Structures are given as C-alpha cells and as structure tokens.
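Work through the exercises below with the structure at hand. Try each task before reading its solution.

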Amino acid sequence: MTSARLHLDGKDYELPVVRGSEGETGIVIDQLRSSSGAITLDPGFTSTGACRSAITFIDGAKGILRYRGYPIEQLAEHSDFAEVAYLLLYGELPTQEQSAAFRADLTYHSMIHEDMKKFFEGFPPNAHPMAILSAMVASLSTYYPGTEEESNEINFVRLIAKVRTLAAYAYKKSIGQPTIYPRNDLSYCANFLHMMFAVPAEEYVINPVLVRALNMLLILHADHEQNCSTSTVRMVGSSRANIFASISSGICALWGPLHGGANQAVLEMLQMIADDGSGYQKWIDRAKDKDDSFRLMGFGHRVYKNYDPRATILRKMAADVLDELGVSDPLLDIARDLERVALEDEYFVERNLYPNVDFYSGILYRAMGIPTNMFTVMFAIGRLPGWLAHWKELREDDSSRIYRPRQIYTGYTERTYQPIESR
Ligand code: CMC
C-alpha cells in the first residue's frame, strides 16, 4: 500500500503512505487541510507522528528500546554514558580517538563561569533544584550568545559538561555547603559524584559501584523518542530559539509528575505506604477508584503496553547495587510487593499497566545518597543527550517547519460587544 483513501463529504482524497525502517506506517496528511479544508484531531497525539527520526526505536507492544539500532540492554551492560551521548548525537559509536576527544571536551568544559555562582545565592534555600536547573540552563545563553549554527557543536558539549556541575551546585546550595569544583582526572559520572558529595575538609573516595550504577541509570534515561519533554525541545527549537532556551524548556516539561517528576512521586508514594502501614490493598483500590486522584506512580506508559525494558534492567540493578553497597531498604520490598499485587489485579492487567522506568530508579538514587528532590534532575542529566540529538536532527532537516498545530474551535460564534452598563 503506497496510499490511503479518505472519503469525506462525498469526495475521495488520496493520502500518501510512508514506512519507517522497522515497518511502521504513517499516513501523510500535510496537504489535507489545503485540499479538503479538514484537519485531524488527536489530543495528546496518541496517533500522530510529528517528524521522521533516526535516533530511537521503541516497540511498546514487545517492550523493545534501541538507540541508533543498539538494544538498550547491550548499551546498559557494556557502554558508559559519555559513549551513549556520542552515539545519540552523532549516530555511530565513537572510535578510540573520537571517544578520547569527546571525553576530553566534556572534562574541559565542565566548569561554569565564576559569575554564575552568584545566581545560586538568589534562590531561597528550599528552591526545587529543577527550577534552579532550568533557570541556569537558560542563563547559559547569556554567556554563549553566539548560538548560530556553526557554534552549536560546541554548545552540545558545553551543555552535557556543565549540566552536572549546575545540578551539583544546586544541591550544595540546598544543603548550605560550599560548591565543589570539577576535577580533570575524573570520568563524567565520577566527577558528578565528587561535586555532589565531596566536602573541602576531607578527601572524597569515589566508589566504583556508584559510578557504574550512575552510568547505567543515565544510559537508561538518555532518549525515549517523541516524549513530552523531547517534543517540547523540538517545538521550541522549531521557532529557531537557541539551544539553551530549547533545553531549558525541555527541563520544565520533564518536571511534571506524569513525566520525569514521577520518580520523585514514586519515592514519596512508597514512603507514604510505609508510614501508613495498613498494607497494599488500600492503595491499589485508591488507584483504581475513578473518583480518587491517586494513581500508582511509576506504573503505566503511553507507549509500553508491556514491561518497560528499562524497568526490567532497573529492578535487577536495584537489588544488585543495594547488595553491593550493603544497604537494605524497606522501600524496595514495598515496591516489589506492590508490583506483584498490581500485576495480578484485573484493573492493571486489562489496561496493560506495568512498572515504568521511574518505579525502581528512585530506590537506586536513594541508595546512592541522592535526595528525593534531586531525582528529576538526575533524569534531566540523563535525557540531555537525547534532547540535543533531537534538536540537532530537527535543525539539520531542511524540510522542518515551525511546529504549529491546528485546533477545532468550540467557543462562541460571532456576537456583538455590549457596553458595561447594559450587561
Ligand atoms: N494508576 C492507575 N491507573 C492508571 C495509571 C496508574 N499509574 N496509569 C494509567 N491508568 C489508567 C487510567 O486511569 C486509564 O483508565 P481508563 O481507561 O479506565 O480511563 C487507563 O489506565 C489509561 O491511562 P491514560 O492516563 O489514558 O494513559 P496515558 O497514556 O494518557 O498516560 C501515563 C500515561 C504515564 C501518564 C499514566 O500511565 C500515568 O499517569 N502513570 C503514572 C505517572 C508515571 O509513572 N509517569 C511516568 C511515565 S514513564 C517516564 C517518562 O517517560 O516520563
């Protein structure tokens, strides 16, 4: 089939069909409005493709996730975050020389301008680190205003390098400790842990278990095709807004509890269940009750109608890492029990609601000493290479146009203005 036929108001319209490299089918409707006057309506974009993309493939029914063709399971086991960031941005795994140069760039650009440290002083002590991060990333554009096409390659590196410094500074600010400068002898993830947890008075010893766990967590978050925050980055980027403004808007979109904010919400939910102490059934019943706004956080996904492959990796990893660190966390037991009960419950089975990436990631972050309000910041650090790859793809696509959806207007038809005294 190379075209689809639409019959509307007595007329037939021939619509071209495109196929993706994995056999996905798309009906091209970009000329529909000019030829028929009609638009398609798809709130939440359940059946709408906004672009062609060669970055990430997901098969939600089979639980498949691949970056540039490589299965997520292989990347999580054998790669590290810097290499995956390179893969997403440039489409291929780096050679040894490319890898060394990219890592050197990430190290070289990890400091932020000294003046920017003053910005942190202006935020209240309990400011959410996602608010600080989005403001700081937008502020980077004031230091690197020459954001024309030729300078963006360096801005991609700057952003990946600096975002972890900004995140760690936001944390240090929130606990009233002095900020810690990055070190040139440390890898990407080790450097982040150093900036988060070192204090000037003593030497901080980097634990390789934490470095490995952080690499895996960031890899699992690195891209997820046209999700809410990535679509936001593309939407903002389509207006030709600069890279810093586009990424800052992605951070804001990620913050919501239905998206990246779910990892914080999961931990808060597990803690609430632990504190309540009255068992799981009450919470399962509340999640099923349509009159109750409570949802089982970390469950369900727009695309996965099967176990989220990232959750499968994280479930095992949470147990292994806690074991290696010698940490026992009652919230992990609660999470496992909740999962077991939910997966046997007809409501969750019927709707294909499985644990998603956020269900177990918070337990890992907690074991690593990362506070709950930093969880979504961790997601943002991980997702950044994906956002950048999509922004780059959009800008390199000569056929891309400003994103501008249509609507079906449901308000008043024309009426006449009434002066205030006669209303
Ligand atoms: N608990 C209880 N019921 C749920 C849940 C849940 N977590 N998720 C979906 N449902 C129900 C929902 O009420 C609806 O039922 P019905 O058909 O009877 O009206 C049905 O399942 C379909 O849900 P939906 O809200 O129409 O699905 P969606 O694709 O619009 O939303 C979601 C996807 C992830 C926003 C949603 O599943 C949810 O709110 N989950 C909890 C928040 C969460 O964990 N978010 C993280 C997503 S993964 C990380 C990321 O990529 O951001």
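**Exercise 1.** How many disulfides does a search of the whole structure find?

*Solution.* The model is a predicted one. The search of the whole structure gives 0 disulfides. Take Cys228 as a case: its nearest cysteine sulfur belongs to Cys252 and is 11 Å away, and Cys228 is in no disulfide. A disulfide needs two cysteine sulfur atoms within 2.5 Å. The sulfur of Cys252, 11 Å from that of Cys228, is therefore too far for a bond.

**Exercise 2.** State the relative accessibility of Cys228 and the relative accessible area of Cys252.

*Solution.* Cys228 has 47% relative accessibility and counts as partly exposed. For Cys252 the relative accessible area is 40%, so this residue is partly exposed.

**Exercise 3.** Into which domains is the protein chain divided?

*Solution.* Domain 1 covers 3-49, domain 2 covers 90-209 + 228-255, and domain 3 covers 262-367. Between the C-alpha centres of domain 1 and domain 2 the distance is 40 Å.

**Exercise 4.** Describe the surroundings of the ligand, starting with the residues that come nearest.

*Solution.* Step one: there are 21 residues around the ligand, and His259, Arg295, Leu296, Gly298 and Arg302 come nearest. Step two: this shell divides into 10 nonpolar, 6 polar and 5 charged residues. Step three: look at the oxygen atoms of the ligand. One lies 2.7 Å from a side-chain N or O atom of Arg295. A polar side-chain atom of Arg351 is 2.9 Å from a ligand oxygen, and for a side-chain N or O atom of Asn356 the distance to a ligand oxygen is 2.9 Å. Step four: on its own the ligand has 940 Å² of accessible area, of which the protein covers 76%.

How values were computed. Residues numbered from 1 in each chain as written. Predicted model: local features only at pLDDT ≥ 70, side-chain atom pairs only at ≥ 80, totals over all residues. Heavy atoms only, no water. Buried < 20%, exposed > 50% of the residue type's maximum accessible area, 1.4 Å probe, protein only. Domains from an automatic or database assignment. Near = heavy atom within 4 Å. Polar contact = N/O pair within 3.5 Å; in protein donor to acceptor, adjacent residues only side chain to side chain. Areas by Shrake-Rupley, 256 points an atom, 1.4 Å probe, with all protein chains shown as cover. Nonpolar A, V, L, I, M, F, W, Y, C, P; charged D, E, K, R; others polar.
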